[in-house]
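Work through the exercises below with the sequence and the coordinates open, and try each task before reading its solution. The topics are a pocket, a loop, several polar side chains and the nonpolar cores.

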Amino acid sequence: MANREILISELPTLVQSLKLTIGDSNEIMEQIIPINDAQEKLRTINKLITQELKLENVKKSAIATLPQIVILPNIGLVDPGIAEKFGNSKTQVSLTDLQSKIDSWIEWGYFLQAIAADILSDIQLVNQLNSDINHLSIRAQLEIIAENLKFNLFFDNSQLLERQINKINNSKDELLELQHKLAYVFNTIKNSRDLLNILLGVSAFCGKSGFTLEWLDDDHELIISTDSKFKELTDILNDCDYFQEQIAALIIQGDTLKKKAEQALKKIEQQSNKKVINSQHIEIVPKFSTPKIIYSALLLVSSLLILGFGGWKVKEQSLQWQQMSLSLTQEGSAIAKFKSAKKLGMEAAYLVQNPPHPLKVWQQAQNKWHQAIILLDSIPNETSVYAKAKEKLAYYQINYKSISQKILVEKKALANLESAQKLAIEANLFVQNSLNSPLNRQQTQDKWAQAIDLLEAIPETTFISTQAKEMLTIYKNNYAAISKI
């Protein structure tokens with residue numbers, strides 16, 4: 001018994017060691033030893049549990065036939081993405097259920113060992129992994145490019161403007177290359193049926209950050225960790241979409257900067273040429289004569305006409321620039337709103353992973369969907385992201401409606417729980433006052449019955465379902481006791 005409890009207390013450490021970091025191929029083999037050690041200890045725990053269950057089955061008392069319950073030790077803060085790998089730290093499980101969990105952990109260890117062997121037996125795969133580990137992650141590359149495009153143009157210096165134009169061109173080339181890489185990652189992860197190919201796509205995405213195989217969830221979705229964050233493969237696909245949108249926005253930003261820089265450079269060249277012409281011009285002062293005066297007057301009138309026409313052209317160009325500036329501002333604003341809406345949607349989706357959740361969490365997610373819907377609905381139809389925004393809007397509205405319904409169910413369940421607790425307090429007061437009175441006994445019994453009905457009406461999918469079940473057992477016992485009286 002003591003040995004079993006000691007070993008069970010080690011479960012958090014054992015389970016956390018059942019993972020495989022993919023990055024430097026030289027380190028993959030070294031990880032097999034701790035995985036083997038963890039499996040061996042898990043097998044030992046299972047043997048002890050089997051012996052204990054056999055011993056209990058021999059006993060004939062009624063108490064011995066009840067399933068033994070153990071409380072899993074505290075594993076600390078666990079990301080919701082891999083919560084089911086170990087379970088809530090307060091989770092109570094029977095010895096039989098614990099054996100089943102241990103079997104699944106041991107199988108996961110075998111799976112990791114098989115993956116490690118497959119990787120190390122494929123030289124081409126090993127070379128690609130070793131190459132990826134020498135490059136920054138896609139996220140890091142995108143952040144650097146975005147930072148490189150944050151600068152003010154030197155409108156009065158042609159040499160610096162030329163350097164800035166070259167910098168913009170280089171950034172655009174890098175963005176296009178990154179765009180191609182993202183397409184490869186997305187298509188590889190989404191369309192490949194071979195796990196090793198999928199791992200190559202993930203490796204290209206994570207780069208120098210590397211990644212760790214953490215768990216297969218209940219839906220057999222592979223969960224990884226990278227940069228201290230847990231992700232499902234679908235999360236990476238969503239990130240690819242989000243990064244593609246960021247790249248498109250950065251390309252527009254770069255092209256706008258480049259156009260301004262080229263216009264400023266052209267203006268500097270024109271001013272420089274004008275100064276050269278003016279320096280070479282020799283002014284001839286003509287002798288005074290009547291024909292010359294007439295000619296000068298005509299010249300003055302024509303000049304005024306030219307100036308007037310030129311002023312009209314300048315005004316027209318100014319309006320064109322204003323319209324272009326407004327269009328660019330509207331486009332930039334629309335892209336920013338679309339990105340913000342997607343970010344809110346991803347945050348909302350992350351919040352509601354692995355239900356059930358407290359009412360507060362559902363309300364937080366509902367608020368994020370609502371904000372995202374407002375942003376998407378305000379995107380003008382003249383912008384490039386309008387079609388995508390409408391598509392997302394329809395999807396987000398469905399999610400908002402679904403979560404709103406979930407909130408109503410959670411509120412109803414919470415109201416039932418609170419009403420049941422109130423009835424239980426009232427029933428206990430009747431018990432304290434007097435049970436000698438038949439009326440008191442009947443009222444007490446009625447209140448327990450009402451409380452039981454309320455608790456039984458709470459759906460199992462709600463957050464408070466577990467608490468309701470625990471209360472229900474107590475209330476039914478109390479109802480049975482008062483009925484006997």
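**Exercise 1.** Determine which helices and strands each supply at least two residues of the lining of the second largest pocket, and describe that lining.

*Solution.* In this predicted model, the elements that each contribute at least two lining residues are strand S6 (229-232), H10, helix H11 (290-351), helix H12 (359-377) and helix H13 (386-433). The next step is to ask about shares, and here H11 provides the largest one, with eight residues of the lining. The pocket holds about 1,000 Å³ of space, and among the 30 residues that line it, Asp235, Met346, Glu347, Ala349 and Tyr350 are the closest to its centre. Sorted by character, the lining of the second largest pocket consists of 12 nonpolar, six polar and 12 charged residues.

**Exercise 2.** Classify Lys231 as buried or exposed, and find the side chain with which Lys231 makes a polar contact.

*Solution.* Begin with the location, which is strand S6. Lys231 has a relative accessibility of 13%, and because the cut-off for a buried residue is under 20%, Lys231 counts as buried. Its side chain is joined to that of Asp239 by a polar contact of 2.7 Å. If neighbours within four places in sequence are set aside, the residues in contact with Lys231 are Arg139, Leu222, Ile223, Ile224, Thr226, Ile236 and Asp239.

**Exercise 3.** Examine the loop between strand S5 (222-226) and S6 for residues other than glycine with a positive phi.

*Solution.* Asp227, which lies in this loop, has a phi near 55 degrees, and Ser228, also placed between S5 and S6, has a phi near 65 degrees; each is a positive value in a residue other than glycine. Accessibility then has to be judged for each residue separately. Asp227, at 49%, counts as partly exposed, whereas Ser228, at 77%, counts as exposed because this value is over 50%.

**Exercise 4.** Describe the surroundings of two residues of helix H13, Lys390 and Asn416.

*Solution.* Take Lys390, found in helix H13, whose relative accessible area of 34% makes this residue partly exposed. Lys390 and Asp377 are separated by 13 residues in sequence, and their C-alpha atoms are 7.6 Å apart in space. Turn then to Asn416, which is in helix H13 and is buried, with a relative accessible area of 6%. A polar atom of the Asn416 side chain lies 3.2 Å from the backbone oxygen of Leu454. Leaving aside neighbours within four places in sequence, Asn416 is in contact with Leu454, Ala457 and Ile458.

**Exercise 5.** Identify the residues with the most contacts inside the largest nonpolar core, and establish which helix supplies the largest share of this core.

*Solution.* The largest nonpolar core has 70 residues, and those with the most contacts inside it are Ile119, Val202, Leu213 and Ile236. Helix H10 (residues 233-280) gives the largest share of this core, namely 14 residues. Apart from this core lies another one, of 22 residues, which includes Ala334, Trp369, Leu376 and Val385. To look at one residue of the largest core in detail, take Ile119: apart from neighbours within four places in sequence, Ile119 is in contact with Ile22, Ile28, Leu125, Val126, Leu129, Leu196 and Leu199. As general background, nonpolar side chains in soluble globular proteins tend to be buried together.

Conventions:
Residues numbered from 1 in each chain as written. Predicted model: local features only at pLDDT ≥ 70, side-chain atom pairs only at ≥ 80, totals over all residues. Heavy atoms only, no water. Core = buried A, V, L, I, M, F, W, Y, C linked by side-chain atoms within 4.5 Å. Buried < 20%, exposed > 50% of the residue type's maximum accessible area, 1.4 Å probe, protein only. Helix = DSSP H or I, 4+ residues; strand = E, 2+ residues; numbered from the N terminus. Contact = heavy atoms within 4.5 Å. 1 Å grid on protein atoms, 1.4 Å probe; cavity = no way out; pocket = protein on both sides within 12 Å on 5 of 7 lines; lining within 4 Å. Points joined across faces, edges and corners; volume = space filled by probe spheres on them. Nonpolar A, V, L, I, M, F, W, Y, C, P; charged D, E, K, R; others polar. Polar contact = N/O pair within 3.5 Å; in protein donor to acceptor, adjacent residues only side chain to side chain.
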